[in-house]
Every structure is written in C-alpha cells, then in structure tokens.
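Subject: Structure handover and notes

Dear colleague,

I am passing the structure on to you with this message, and my notes on what was found in it follow directly below.

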Amino acid sequence: MGLPRAWMRIAEAIGVDAFLTTWKFLDAEYGDVQPGEVLRIHLRRYRSYLRYQRNRVIEAQYASGKNSMEIKKHLRASLGEDVSRAHILRIARRK
C-alpha cells in the first residue's frame, strides 16, 4: 500500500491490530481531509516529552522538601541527566 517506513516500523513494534486502531482513530480525528489526500499529523519531538516529565520530577522532588543538590543527584542517577542547580531552582520555583 506504500506506507512510509516509519509507519511500518510502528506497526511492527506495537502490533498490526494496535496500528490499525490508531490509524482509524487518527483518520476519524482529522476527518476534514479530502478523500485521497494524505493525513498530516503533527507531533512534538519525543525529547520535549522527556523534558516535560523531567520537569515534573523536579517539581515533585522540590515540593517534597528536597534541595537542589539532592534533586540534581536524583536526576543524574534516575534519568542520566546532568541539570544545573540554577536550572533546577528555576523550574521548581515557577509555580
């Protein structure tokens, strides 16, 4: 059918049934596309999702009373990220 390689890899990774369900959902969600046209689906980079999750970890750790050095050590150990203490405080205090 000529699906791009990325979609074929996704189907292999999650299973054909899950892929077809996803495809059907996306087609219904973007139903304003004219017949015969290509669906264009915009996703943020996966890295931005990881950054979002990291920031939630920082906020939760800070809210539980951890200081920036403890949070820094936790991020390095659990996520393999080296974030500056200043950046940790910027994220933790913005709420």
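E81 is buried, at a relative accessible area of 14%, and I begin with this residue since several of the contacts described below come back to it. Please keep in mind while reading that this is a predicted model.

**Salt bridges**

The count of salt bridges comes to 6, and I describe some of them here. E81 pairs with R54, where the closest N and O atoms are 3.1 Å apart. Because R54 belongs to helix α3 while E81 sits in the loop between α4 and α5, this pair ties together parts of the chain that lie 27 residues apart in sequence. R54 is itself buried, since its relative accessibility is 7% and the cut-off for that class is under 20%.

E81 also meets R47 through their side chains, in a salt bridge of 3.6 Å from N to O. Here too distant parts of the chain are linked, with R47 in helix α3, which covers residues 46–63, and E81 in the loop between α4 and α5, at a separation of 34 residues. R47 has a relative accessible area of 41% and is therefore classed as partly exposed. Taken together, R47, R54 and E81 are linked in a network of salt bridges.

A further salt bridge joins D82 to K72, with 2.7 Å between the closest N and O atoms. This pair connects the loop between α4 and α5, where D82 is found, with helix α4, which holds K72, and the two residues are 10 apart. As for accessibility, D82 is exposed, with a relative accessible area of 58%, whereas K72 is buried, with a value of 13%.

**Nonpolar core**

Which residues make up the largest nonpolar core? It has 7 residues, namely I58, I71, L75, V83, I88, I91 and A92. Helices α4 (68–79) and α5 (85–92) each supply at least two residues of this core, and the largest share, 3 residues, comes from α5. For one member, I71, the contacts beyond its neighbours within four places in sequence are I58, Q61, Y62, K66 and I88.

**Helix packing**

In the case of α3 and α5, the axes come within 9 Å and cross at roughly 80°. That angle falls in the range of 65 to 115 degrees, so α3 and α5 count as roughly perpendicular to each other. On the α3 side the contact is formed by R54, N55, I58, E59 and Y62, which meet H87, I88, L89, I91 and A92 in α5. By residue class, the contact of α3 with α5 divides into 6 nonpolar, 2 polar and 2 charged residues. R54, described above for its salt bridge with E81, is thus also listed among the α3 residues that meet α5.

For α4 and α5, the axes come within 9 Å and cross at roughly 105°, and these two helices are therefore roughly perpendicular to each other as well. The residues S68, M69, I71, K72 and L75 in α4 meet R85, I88 and L89 in α5. The contact of α4 with α5 is made up of 5 nonpolar, 1 polar and 2 charged residues.

One of the α4 residues deserves a separate note, namely S68, which lies in helix α4. Is S68 buried or exposed? At 7% relative accessibility, S68 counts as buried. Leaving out residues up to four places away in sequence, S68 touches R85, I88 and L89.

**Toward the start of the chain**

Finally, M8 is located in helix α1, which spans residues 5–14, and with a relative accessible area of 39% M8 is partly exposed. Measuring from C-alpha to C-alpha in the model, M8 and H42 are 18 Å apart in space, with their positions 34 residues apart in sequence.

With best regards

Notes: Residues are numbered from 1 along each chain as its sequence is written. This is a predicted model: local features need pLDDT of at least 70, side-chain atom pairs count only at pLDDT 80 or more; totals for chains, interfaces and linings use all residues. Side-chain values use heavy atoms; hydrogens and water are left out. A nonpolar core is a set of buried Ala, Val, Leu, Ile, Met, Phe, Trp, Tyr and Cys residues joined through side-chain atoms within 4.5 Å. Buried means under 20% relative accessible area, exposed over 50%, partly exposed in between (1.4 Å probe, protein chains only). Helices (H or I, at least four residues) and strands (E, at least two) are DSSP runs, numbered from the N terminus. Contact means heavy atoms within 4.5 Å. A salt bridge is a side-chain nitrogen of Lys or Arg within 4 Å of a carboxyl oxygen of Asp or Glu. Axes are lines fitted to C-alpha atoms, for helices over the stretch in contact, and angles run from 0 to 180 degrees between N-to-C directions. Angles under 35 degrees count as roughly parallel, over 145 as roughly antiparallel, 65 to 115 as roughly perpendicular and the rest as oblique. Ala, Val, Leu, Ile, Met, Phe, Trp, Tyr, Cys and Pro count as nonpolar, Asp, Glu, Lys and Arg as charged, and the others, Gly among them, as polar.
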